[in-house]
Amino acid sequence: MSNPTSSRRAPFIVIEGLDRSGKTTQTSKLAQRLEGSGVDTKLVKFPDRTTPIGKMIDSYLRSASDLDDHAVHLLFSANRWELAPTIERLLTAGTTVICDRYAFSGIAFSASKVDAEGAPLLPFEWCRSPDVGLPAPDLVLFFDITPEKAKERGGYGEERYEKEEMQLRVRKAFHRIAEEMGEDEKVGRGATRWVTVDAGRGMDEVERDVWTLVEPLVRGGVTGPVAKL
Ligand code: T5A
Ligand code: NA
């Protein structure tokens, strides 16, 4: 007889959002807190700038090199595919995976690029397609923040997409994705639960919300195989 608990696996949790919304701060805090409570945890981040593909992305983001918009979009996706088998293996083996940005950033940023006349350079559906089939997160926490609040955090940096008009378009694109995913419901695409978090508040408040959303999922585990985007 099969043991119903044997098919349980660890959850895949993604923190997504706008630049300066506090994703890296909160994914690190979360991973530390989980490990501190004895939960086997792996923290991953996209782009992973350490791989050969990641180095090309890094150079592009720092404007040290230029790439065709389609090409760099595919590199961002390839950078996730590089790690996909590892993520799946970890989840099945019972390690909770916490991820700083994922495919939703890929769509939101690339689909927000415009030409000199303000027309989109890459169609939304085209932007989605290279990530189809990647491991789907069980929970996405979308860190929403107004450009005004983001500016209070020292403003945007020097990297390619860190411009106010771009960030406004990215925010709209994320809101479109949120609508498709079905806010806080297990409807929409696949089995992913999408929750918007007001990331414009203090660090401790955000941390408390993140923990409240994540802790039960980690404690309970997830039934069934890893879903696909
Ligand atoms: N991209 C990414 C794509 O185009 N396609 C893709 O497929 C992917 C995956 C680099 C760029 O790549 C694009 C999106 C990006 O433009 P990145 O390396 O993740 O992506 O970007 P980073 O520059 O590392 O990170 P962000 O700018 O997005 O910042 P975070 O991680 O959201 O914010 P964080 O935690 O570093 O905090 C920023 C500052 O605010 C403070 C922190 O101390 C820090 O100084 N802070 C707060 N201050 C007040 N209140 C709070 N609650 C705060 N939380 C943090
Ligand atoms: Na970050």
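These notebook entries follow helix H4 through the structure, with its burial, its crossing with helix H7 and the shell around ligand 1.

I note that this is a predicted model, in which local features need pLDDT of at least 70, side-chain atom pairs count only at pLDDT 80 or more, and totals for chains, interfaces and linings use all residues. Residues are numbered from 1 along each chain as its sequence is written, while chains are lettered from A and ligands numbered from 1 in the order in which they are written.

I looked up the burial of H4 (helices are DSSP runs of H or I with at least four residues, strands runs of E with at least two, numbered from the N terminus). Eight of the eight residues of H4 are buried, so H4 is largely enclosed by the rest of the structure (buried means that 20 or more other C-beta atoms, placed from the backbone, lie within 10 Å of the residue's own). Strand S2 (12-17) and helix H3 (69-92) are among the elements that these buried residues pack against (contact means C-beta atoms, placed from the backbone, within 7 Å).

I then turned to H4 (residues 103-110) and H7 (residues 164-181), whose axes come within 8 Å and cross at roughly 130° (axes are lines fitted to C-alpha atoms, for helices over the stretch in contact, and angles run from 0 to 180 degrees between N-to-C directions). H4 makes this contact through Phe104, Ile107, Ala108 and Phe109, and H7 through Val170, Ala173, Phe174 and Ile177.

Lastly, I looked up ligand 1, which 22 residues surround, with Gly22, Thr24, Thr25, Gly106 and Phe109 the closest (near means a C-beta atom, placed from the backbone, within 6 Å). Helix H1 (23-36), H4 and helix H8 (203-220) each give two or more residues to this shell.

Note on methods
Two residues are in contact if their C-beta atoms, placed from the backbone, lie within 7 Å. A residue is buried if 20 or more other C-beta atoms lie within 10 Å of its own, exposed if 12 or fewer, and partly exposed in between; C-beta atoms are placed from the backbone.
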